[in-house]
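Subject: Structure handover

Hello,

Here is the structure for you to open. My notes on what turned up follow below it.

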Amino acid sequence: MEQLQKREGGRALLIGVSCRRGAVYNSSEETLRELSGLVETAGGEAVCSLWQQRDTPDGATYIGEGKVAEARELCAAQELDLVVFDGELSPSQLSNLEREIDCRVIDRSMLILDIFALHAVTSEGKLQVELAQMKYTLPRLAGKGLALSRLGGGIGTRGPGESKLETDRRHIRARIAAVRRELDEVKKNRGEKRALRDRSGVPRVAIVGYTNAGKSTLLNYLTGAGVLSEDKLFATLDPTTRRLRLPQGMEIYLTDTVGLIRNLPHQFIEAFSSTLDELKYADLLLQVVDVSNPDCAAHIEVVEKLASELGAGAIPMVIALNKCDREGELPVHLPEAVPISARTGQGIPALLTALERELAKRMHACTVVLPFSEGQLLDRLHRGAQIEREEYLPEGIRLTLTVDDALYNRISRYLQ
């Protein structure tokens, strides 16, 4: 990381704007702290910040002439080479600001996409990042080939590479189409794997939460998955699924998903659709909340809102208040939530009990007599059902058990 900072010289000025009307996104003290964390995750250093309150965003520069002059003076005095806006700039605003401030300018969406590029490991992750970045870049190639001097290196420039970003709009559209075809194939393969899991009848639990809440740490603690777990924003981009046996014997598929964040770039939603589908196809959501963060209540709202937008709003949710070992008194009052520490294991037994209790709401207690020819189904029941009694009869095997909806449908013909 030190080498990255030295190479990029990522000393940044952060600029936030809060508008009384006409703004899609308003900055605050908390969002600027978050932006500072994003800059650090990308390998830079947030040196100073400016904040402005105005009626509406300025059409030409977002912040107006006075603040532009102040930003230009700060960049010169502090020897800064990057300005990061806590919002999304239009192509003309971006161009005007770079010309007036004489410094590389990026917005919040570009910064987040840059971090995606930095952390993408698998071929799918890299394709998703490339698609999101090209969709962001395309409208910024208007005019006579837009001066792309800011793409010479540093935060906001990683991803598909300069050769792709410097091509004309026609070639970028062709590349977007090609990447979409590749991702459609990935999505098809992921759907086939999901269908196999569906047929197995094992309940699916998706771990969701704000970025850096501790989702990967929890998956690693529970399953030993070995997923990269760092105290950084968006350390995990690729979903990881592992089997987990709960204390009462039920098996589940537990999937770690990419962290969510307020004002998620719209390019992200389409590009990461195959990954985000893990949410809407889950039987239960496990939201991990970082209670050591002072804005954790707002983070819960953001995650629940995004889950609803992604088609998972009706799926039951268990909330785990993570990092409770860092706090004396929890900053949020949620009676049904479970305080835990994914690092130390504190509260994990109570969390597993809560998962079992919620999953039990879709379970069926019943008795069946399986023919001896249903050996595979019997094996599946041993792995995915809670069997209370098993006895061998001349006509087959009588089981007194508790199963989920999927398994119940498979054994319904043998019910007694």
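A search of the whole structure turns up 19 salt bridges. Please keep in mind that this is a predicted model. Side chains of opposite charge can pair when their charged atoms come close. Here are some of the pairs.

**Salt bridges**

Start with R20 and D55. Their closest N and O atoms are 2.8 Å apart. R20 sits in the loop between β1 (11-19) and α2, and D55 in the loop between β2 (45-54) and α3 (64-78), so the pair ties together parts 35 residues apart in sequence. R20 is exposed, at 57% relative accessible area. D55 is partly exposed, with 39% relative accessibility.

Next, R204 and D283. This salt bridge has its closest N and O atoms 3.5 Å apart. R204 belongs to strand β5, while D283 lies in the loop between α11 (273-280) and β8; the pair therefore links parts that are 79 residues apart in sequence. Are these two residues buried or exposed? Both R204 and D283 are buried.

E358 and K361 also form a salt bridge, at 3.3 Å from N to O. K361 is exposed, with a relative accessible area of 63%.

Which residues are joined into one network by salt bridges that share partners? They are E34, D86, R108, R262 and D295.

**The sheet around R204**

Strand β5, which holds R204, is part of an open sheet of six strands. The order is β6-β7-β5-β8-β9-β10, and the pairing is mixed. The edge strands are β6 (240-245) and β10 (338-339), each of which pairs on one side only.

β5 runs parallel to its partner β7 (residues 251-256), with four bridges between them. Within β7, Y253 is the bridge partner of R204. So R204 has two roles to look at: a salt bridge to D283, and a strand pairing with Y253.

**Helix α12**

Now look at α12, residues 296-309. The helix has 14 residues and reaches 20 Å from its first C-alpha to its last. That is close to the 20 Å expected at 1.5 Å a residue.

Which residues of α12 are buried? They are C296, H299, I300, V302, V303, L306 and A307. They cover an arc of only 165° around the axis, which means they lie on the same side of α12. The face turned away from that buried side carries the exposed residues E301, K305 and E309.

What covers the buried residues of α12? The cover includes α2 (29-41), β5 (204-209), β8 (284-290) and β9 (317-322). Three of these names will be familiar from the sheet: β5, β8 and β9 are among its strands.

After α12 comes G311, whose phi is positive, near 90°.

**The chain as a whole**

The protein chain has 15 helices and 13 strands. Of its 416 residues, 54% are buried. Among contacts with a separation of 6 or more, 68% are between residues 24 or more positions apart. The accessible surface comes to about 18800 Å². Carbon and sulfur atoms account for 47% of that surface.

**Where to look**

For a quick tour, take these stops:

- R20 with D55, a salt bridge between two loops.
- R204 with D283, a salt bridge between two buried residues.
- α12, with its buried residues on the same side.

Best wishes

Conventions. Residues numbered from 1 in each chain as written. Predicted model: local features only at pLDDT ≥ 70, side-chain atom pairs only at ≥ 80, totals over all residues. Heavy atoms only, no water. Buried < 20%, exposed > 50% of the residue type's maximum accessible area, 1.4 Å probe, protein only. Contact = heavy atoms within 4.5 Å. Areas by Shrake-Rupley, 256 points an atom, 1.4 Å probe, with all protein chains shown as cover. Expected span 1.5 Å × (residues − 1). Arc of directions from axis to C-beta. Salt bridge = Lys/Arg side-chain N within 4 Å of Asp/Glu carboxyl O. Pairing = 2+ DSSP bridges.
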